[in-house]
Amino acid sequence: MQIRRCAVAWLEPREVANFQLDDLLSGGTGVVGRLCWFAHAPHLPAPVEVDAAHVPLLGALGAVDWIEREGFDARFGAEAVDALLAAGLLLARPQDDAGAPADADFRAQGWHAPAAVAHMAARWEGIDGPKGMAEQDLDTNAGLLRQHGAPPPPARPPADPTADVALPRIERDDFDALLDTRATCRNYDTAASVPLATLSQLLARVFGARGIGHPAPGFDVFKRTSPSGGALHPTECWLLLQRVEGIAPGLYRYRVDRHALEPVVPRIMPPQPGDRGTRALGDAAPRPWNADELRAFARIMVAGQDFFADAPVLCVLVPRFHRNFWKYRNHAKAYRVCVLDVGHLSQTLQLCATQAGLGPFVTGAINEIDIERAFGFTGYAESPLVVCGFGQRAQALVTSEFDPDRRVWPRD
């Protein structure tokens, strides 16, 4: 048998705290820490704890060449090799290996290894409750000030104030008014629907193809209203529609090639109000979700931020990483370009929704793993980076919105 290491395995020494009654009874706090090693392998669903004695084996075996196993059995012991094979950190041939297809699929994506580890490790599952997040209502920031002191100033102080070069005063126009009116909406009218024509216009303006090019045989590129590295536009828009006139509520994918909506069959059990996370569909037959179940999933998507879950339209921005990495293979900046891609699209969506008279939002506090499970994504191949949304604002301000110039509130 031959073996090799999986494509990427980053080792993290982590101190894990456990409660031990014996320590408490002997006069201690009862909380005892131990140092553990965890291997982050992006093709696996979660980091794997590794016995400290097995760590040198991972460092002694490469990820490219297949090596005869016998020599490593002699050096490190067959038990260590078996344990790492079972964990999916080592791969074997010619024997079938459950982790081999995922590792091969991951290798084909073209990830820069540190970016892959960071992306997979930062994904959430079942997180609920915005009060525990860094993004809090403005009136709760006093607690942050007490805990952390004053934040850095909003602008870096000048090195020499006398050296400033004054710029001419600008003449404000209608575009300035549009920019000033954009404000994150946290108060949606849950009885209002988005007109179908408005949804169609926004999707076309933000995600639609404004043109198509053919740089080489078999290589097509779309032009959008937002820039994208290499003109590759890897980001797709997947939607949760709750209230759109003429469209059945449910999950959809926007087809940029046809300007159409493709219905998506959810791959999870219908979420129920109060659920923090999702459950696999298993052997159950999929069925359409009712309004309460869609709202429950919207809340899971945005990690318990109820004010965003009330939006009639939620857009999940999902890069297909290999579309970008095909050109920028194992490139240190490729993942950053995907993040920029999503940022450009989300800002364009904010302005287009504002121009349409709707309230927009965008949040990175999302449960990526739950979203992946519902839509059928593989996290290292395509994964949500943000959730955006829009809809009609409510008449009453219940949850605070940052509108210091009073461009939105009070409502007319």
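Let's start with a word I'll use a lot: contact, which means heavy atoms within 4.5 Å. One more piece of vocabulary: helices (H or I, at least four residues) and strands (E, at least two) are DSSP runs, numbered from the N terminus.

Now, a note on what we have on screen. This is a predicted model, where local features need pLDDT of at least 70 and side-chain atom pairs count only at pLDDT 80 or more, while totals for chains, interfaces and linings use all residues. Residues are numbered from 1 along each chain as its sequence is written, and side-chain values use heavy atoms, with hydrogens and water left out.

Let's take the overall layout. The domain assignment, which is automatic or comes from a database, gives domain 1 (2-108) and domain 2 (172-392). Their C-alpha centres lie 36 Å apart.

We'll begin with domain 1 and its sheet. Here an open sheet of three strands has the order 5-1-6, with antiparallel pairing. Pairing needs DSSP to find at least two bridges between the two strands. Strand 5 (67-68) and strand 6 (90-93) are the edges, each with a single partner strand, so each has one side without a neighbour in the sheet. Strand 1 (residues 2-5) is joined to strand 6 by four bridges, and the two run antiparallel. If you want to find a spot to look at, Q2 stands opposite R93 in strand 6.

Now put a helix on top. Helix 4 lies across strand 1 and strand 6, at about 95 degrees to strand 6. For angles like this one, axes are lines fitted to C-alpha atoms, for helices over the stretch in contact, and the angles run from 0 to 180 degrees between N-to-C directions.

Helix 4 (residues 78-87) also meets helix 3 (residues 69-76): their axes come within 6 Å and cross at roughly 115 degrees. From helix 3, R69, F72, D73 and F76 take part, and they meet A78, A80, V81, D82 and L85 in helix 4. By class, that contact has six nonpolar, no polar and three charged residues. The classes go like this: Ala, Val, Leu, Ile, Met, Phe, Trp, Tyr, Cys and Pro are nonpolar, Asp, Glu, Lys and Arg are charged, and the others, Gly among them, are polar.

Let's move along the chain to another helix pair. How do helix 8 and helix 13 cross? The axes of helix 8 (residues 174-181) and helix 13 (residues 334-355) come within 9 Å, at roughly 105 degrees. The two helices are therefore roughly perpendicular; angles under 35 degrees count as roughly parallel, over 145 as roughly antiparallel, 65 to 115 as roughly perpendicular and the rest as oblique. L178, L179 and T181 in helix 8 meet L351, T354 and Q355 in helix 13. That gives three nonpolar, three polar and no charged residues.

Next, the six-stranded sheet. This open sheet has the order 11-10-9-12-14-13, with antiparallel pairing. Strand 11 (260-264) and strand 13 (359-363) are its edge strands, each pairing on one side only. From one strand to the next, the twist averages 25 degrees.

Look at strand 9 (residues 235-241). It pairs with strand 10 (residues 250-255) over four bridges, and with strand 12 over seven bridges, antiparallel in this case too. L239 has C315 in strand 12 as its bridge partner, while W238 stands opposite R253 in strand 10.

Is strand 9 enclosed or open? Seven of its seven residues are buried, so strand 9 is largely enclosed by the rest of the structure. Buried means under 20% relative accessible area, exposed over 50%, and partly exposed in between (1.4 Å probe, protein chains only). T235, C237, L239 and L241 point one way, and E236, W238 and L240 the other.

Two helices finish our tour. A298 sits in helix 10 (residues 291-301) and is buried, with a relative accessible area of 0%. A298 touches L240, Q242, A309 and L314, not counting residues up to four places away in sequence.

Then there is helix 14 (residues 368-375), where seven of the eight residues are buried, so helix 14 is largely enclosed by the rest of the structure. Its buried residues pack against strand 9, strand 10, strand 11, helix 10, strand 12 and strand 14. Just after helix 14, G376 takes a positive phi of about 85 degrees. Thanks for listening, everyone!
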